Amino acid sequence: MSRFVGDQNTVGFLFESGAYANTTGTTLQWPGMVQSHEADENTNVIEVRYANTGNRNVGQFVDGPLDYDGTLSFYPQDWKMLAFALGSNVDAGSPSPYTHTISEVNSASGNAFTSGTLNPFVSFSIYDAKKGPATGENFVRTIQGCVIDSLNISAKEGEPINMEIAYMAQSGTFSSGAITAITDPGTRPYLWQDVQLHLPSGTVIAELKDFDWGLKQNLERRHYLNGSRVASVPIPTNRDYEMSATIDATSERTKILYNQYFLGGSTFNAMLAISASAGSREIFIVMSGCKMVDMSSPSEADSASPQEQKLTIKPQTCSATINDDIQLYNPW
């Protein structure tokens with residue numbers, strides 16, 4: 001017997017194509033510098049009580065519907081997961097750099113990689129392995145049909161940028177056999193120093209302290225009466241965006257942020273630019289039709305502390321353009 005220890009964990013993802021929840025190939029893809037992954041596998045056991053048992057106990061345990069959910073947190077070195085969240089990516093360009101244009105997918109849009117009925121959204125498989133001292137003593141799970149339900153990109157002063165996704169999946173498999181190798185690209189993670197918030201577009205907020213940009217798909221799960229315990233293809237419903245940002249208050253910005261955008265209700269465009277290397281390793285998230293729905297500006301008694309303001313912005317639409325040295329964000 002041996003303990004599973006964290007430094008031996010392997011977490012990656014696999015592309016899917018063909019039918020929904022069908023893994024493509026065996027090359028394990030690097031998601032980023034993984035900090036944690038938790039797969040929530042629920043068998044939904046049904047406790048059946050009925051007459052004639054002669055006691056107060058459960059009469060029978062019945063296996064219920066299989067539900068798979070999970071969360072993955074990592075320091076991003078690329079932005080492939082954003083493509084899975086928004087739904088559409090176009091790869092272009094030649095080395096130094098390649099360009100990836102990521103945009104929203106709506107209900108009537110087809111999936112270029114996964115065919116079939118019920119409009120499957122772009123999906124992937126998560127591979128999670130804990131290593132033992134010998135083959136046959138490993139704990140390897142592959143969660144298939146993962147569709148991103150929510151995605152958050154956040155950063156604080158002096159820290160790496162963090163990305164967290166929550167996904168809904170269809171099925172899972174287990175193995176105790178050999179663990180698939182994964183290749184570390186070796187690039188540094190994106191950091192707080194790479195970030196600039198343009199609010200509105202063209203005006204950089206130089207006093208940005210932290211931010212959290214989020215997308216929600218509001219997925220719904222269906223367990224149809226179709227002879228199977230697993231769920232059908234997750235259904236994306238209303239898509240919601242929200243970005244919060246904390247800034248040090250200045251006389252230069254407070255009037256326009258408060259009077260024009262918050263109280264005045266003017267819509268505006270904004271951009272989150274994250275650049276590790278200008279022109280060759282960067283992302284530009286463009287937010288259009290934004291409304292500032294909240295602006296807090298507390299007055300603190302400590303006169304030596306800069307006064308903070310927290311902004312909450314809801315974009316109407318979002319898209320992203322990325323430049324980096326990765327040729328393909330798509331499976332092919």
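In this predicted model, strand β16 (residues 240-248) and strand β19 (residues 308-314) run antiparallel and are joined by 6 bridges. Within this pairing, S244 faces T312 of β19. Strand β19 has a further partner in β18 (residues 281-296), to which it is linked by 5 bridges, again in an antiparallel arrangement. Here the residue standing opposite K310 of β19 is S296.

Stepping back to the whole protein, the secondary structure consists of 2 helices and 20 strands. The C-alpha atoms occupy a box of roughly 75 × 55 × 45 Å along the principal axes. Of the 332 residues, 41% are buried. When contacts between residues at least 6 apart in sequence are considered, 69% of them connect residues at least 24 apart. The accessible surface amounts to about 16,700 Å², and carbon and sulfur atoms contribute 48% of that area. As for charge, the protein carries 21 positive and 35 negative charges, and the mean positions of the two sets lie 5 Å apart.

The interior comes next. In soluble globular proteins, nonpolar side chains tend to be buried together. The largest nonpolar core in this model contains 69 residues, and W79, M81, L151 and W213 have the most contacts inside it. Strand β11 (residues 139-156) supplies the largest share of this core, with 7 residues. Apart from this core lies another one of 5 residues, including L28, Y127, A129 and V140.

W79 offers a good way into the large core. Beyond its neighbours within four places in sequence, W79 touches I102, I153, I161, M163, Y190, I274, I283, I322 and Y329. The residue K80 lies in helix α1 (residues 80-86). K80 counts as buried because its relative accessibility is 8%, under the 20% cut-off. With sequence neighbours within four places again left aside, the contacts of K80 are F13, I326, L328 and Y329. Y329 thus appears in the contact lists of both W79 and K80.

Another residue worth a visit is L199, located in the loop between β14 (195-198) and β15 (208-216). Its relative accessible area is 2%, so L199 is buried. Outside the four nearest places in sequence on either side, L199 is in contact with I205, L257, F268, M292, L311 and I313. Two of the strands described at the start reappear here: M292 falls within the residue range of β18, and L311 and I313 fall within that of β19. By contrast, F139 is 60 residues from L199 in sequence and 47 Å from it in space, C-alpha to C-alpha.

The backbone also has some details to look for. L199 is joined to P200 by a cis peptide bond, with omega at about -10°, and P200 sits in the loop between β14 and β15. A cis peptide bond also links S96 to P97, where omega is about -5°. P97 belongs to the loop between β7 (87-93) and β8 (98-104).

Positive phi values are found at two asparagines as well. N119, although not a glycine, has a phi of about 50°; this residue is in the loop between β9 (114-115) and β10 (124-130). With a relative accessible area of 47%, N119 is partly exposed. For N218, phi is near 55°, and its place is the loop between β15 and β16. N218 is likewise partly exposed, at 30% relative accessibility.

How values were computed:
Residues are numbered from 1 along each chain as its sequence is written. This is a predicted model: local features need pLDDT of at least 70, side-chain atom pairs count only at pLDDT 80 or more; totals for chains, interfaces and linings use all residues. Side-chain values use heavy atoms; hydrogens and water are left out. Helices (H or I, at least four residues) and strands (E, at least two) are DSSP runs, numbered from the N terminus. Buried means under 20% relative accessible area, exposed over 50%, partly exposed in between (1.4 Å probe, protein chains only). Contact means heavy atoms within 4.5 Å. Accessible areas come from the Shrake-Rupley method with a 1.4 Å probe; for residues, only the protein chains shown count as cover. Lys and Arg count as positive and Asp and Glu as negative; His and the chain ends are not counted. The place of a charge is taken as NZ of Lys, CZ of Arg, CG of Asp or CD of Glu. A nonpolar core is a set of buried Ala, Val, Leu, Ile, Met, Phe, Trp, Tyr and Cys residues joined through side-chain atoms within 4.5 Å. Two strands pair if DSSP finds at least two bridges between them.
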